[in-house]
Amino acid sequence: MKIKRQNLQNRIIHWGVAFSIFGLIMSGLFQMPIAKRYNITKIPLFEWSGDYYFTLNLHYIFAFLLVFFGLYHIIFHAMRREFDIFPKKGDIKNSYLVIKSMITKSHEPPSSKYLPEQRLTYIAIAFTILMLVMTGLIKTYKNLLGFDISNELYFWAAQLHNLGMVMIILLIIAHLMAFIPKANRKLLPSMFSGNVDAKYTIQRHSLWKDGVDEAKKLNLKEEKDG
């Protein structure tokens with residue numbers, strides 16, 4: 001039995017942001033002299049990777065997509081007053097307890113729709129994306145529009161932009177590694193189908209009122225049908 005955990009809009013935003021970030025990382029790296037150095041340009045269909053201006057324009061396209069999906073995400077959930085993913089008081093402590101329970105097989109604190117570590121990861125990714133967008137705009141302001149800005153401002157914008165790239169790569173790795181523990185694996189299908197196991201919801205996400213209510217209705221229906 002499955003209940004709806006992620007609606008279509010959430011899944012579109014999630015994969016749109018993921019696609020945009022992957023494209024930004026790839027096009028950003030190709031603006032460095034690595035494609036020709038490591039013979040990436042000789043790989044079929046990757047001849048373009050050594051063309052700086054092509055990869056720069058590609059970077060701008062992926063940046064536009066990231067900003068679009070980011071703004072869509074903010075406006076959509078603000079209008080619906082959906083803030084379940086925002087960090088809450090006690091998330092740091094509860095994240096520690098959840099991770100500890102996975103290692104020691106002890107009892108973990110009850111969770112709402114999102115686990116406390118998911119909310120903390122969300123705000124870390126959001127902050128990093130904001131830093132990348134702001135520093136990227138400063139670089140674009142100089143490179144694309146041709147306006148003069150101080151060398152010091154451009155230098156620090158470039159350094160923070162590079163730092164942001166490293167941070168987002170590490171956060172993506174951490175995000176993917178979170179599905180290694182068996183307890184988290186049942187959450188993964190919800191980003192594809194949108195659904196999650198009903199019994200799992202009752203057991204692990206007992207503070208998620210709407211989800212638990214829907215899961216219990218399914219259980220009652222199954223018992224009646226059985």
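How far apart do the end C-alpha atoms of residues 153-180 lie, and how much of the span is helix? In this predicted model, the two ends are separated by 41 Å, and the span is 89% helix and 0% strand. Residues 153-180 are one of the stretches that UniProt, in an unreviewed entry, lists under "transmembrane region"; the others in that record are residues 12-32, 52-75 and 120-141. For residues 12-32, the chain is 90% helix with 0% strand, and here the end C-alpha atoms lie 31 Å apart.

Turning to charged side chains, the structure contains four salt bridges. One of them joins Asp91 and Arg119, with an N to O distance of 2.6 Å. This pair connects distant parts of the chain, since Asp91 sits in helix α3 and Arg119 in helix α4, 28 residues apart. Asp91 has a relative accessibility of 2% and counts as buried. Arg119 is likewise buried, at a relative accessible area of 6%. Both values fall under the 20% limit for a buried residue.

A further salt bridge is found between Glu108 and Arg204, whose closest N and O atoms are 2.9 Å apart. Here too distant parts of the chain are linked: Glu108 belongs to the loop between α3 and α4, Arg204 belongs to helix α6 (residues 198-204), and 96 residues separate the two. Glu108 counts as buried at 15% relative accessibility, and Arg204 counts as buried at 7%.

The salt bridge between Glu82 and Arg80 has its closest N and O atoms 2.9 Å apart. Are these two partners buried or exposed? Neither word fits, because Glu82 has a relative accessible area of 27% and is partly exposed, while Arg80 is partly exposed at 46%. As general background, side chains of opposite charge can pair when their charged atoms come close.

Charge also appears on the surface in another form. Lys2, Lys105, Lys182, Arg185 and Lys186 together make up a positive surface patch. Within this group, Lys105 is located in the loop between α3 (91-104) and α4 (116-143). The loop between α3 and α4 also holds Glu108, the salt-bridge partner of Arg204. Lys105 counts as exposed because its relative accessible area is 73%, over the 50% limit. Glu108, by contrast, is buried at 15% relative accessibility, so this loop contributes an exposed lysine to the patch and a buried glutamate to a salt bridge.

Definitions and conventions. Residues numbered from 1 in each chain as written. Predicted model: local features only at pLDDT ≥ 70, side-chain atom pairs only at ≥ 80, totals over all residues. Heavy atoms only, no water. Patch = residues over 30% accessible without salt bridge, like charges linked within 9 Å, V, L, I, M, F, W, Y side chains within 5 Å. Areas by Shrake-Rupley, 256 points an atom, 1.4 Å probe, with all protein chains shown as cover. Lys, Arg positive; Asp, Glu negative; His and termini not counted. Charge placed at Lys NZ, Arg CZ, Asp CG, Glu CD. Helix = DSSP H or I, 4+ residues; strand = E, 2+ residues; numbered from the N terminus. Buried < 20%, exposed > 50% of the residue type's maximum accessible area, 1.4 Å probe, protein only. UniProt positions renumbered as here; feature names shortened; annotations may be inferred.
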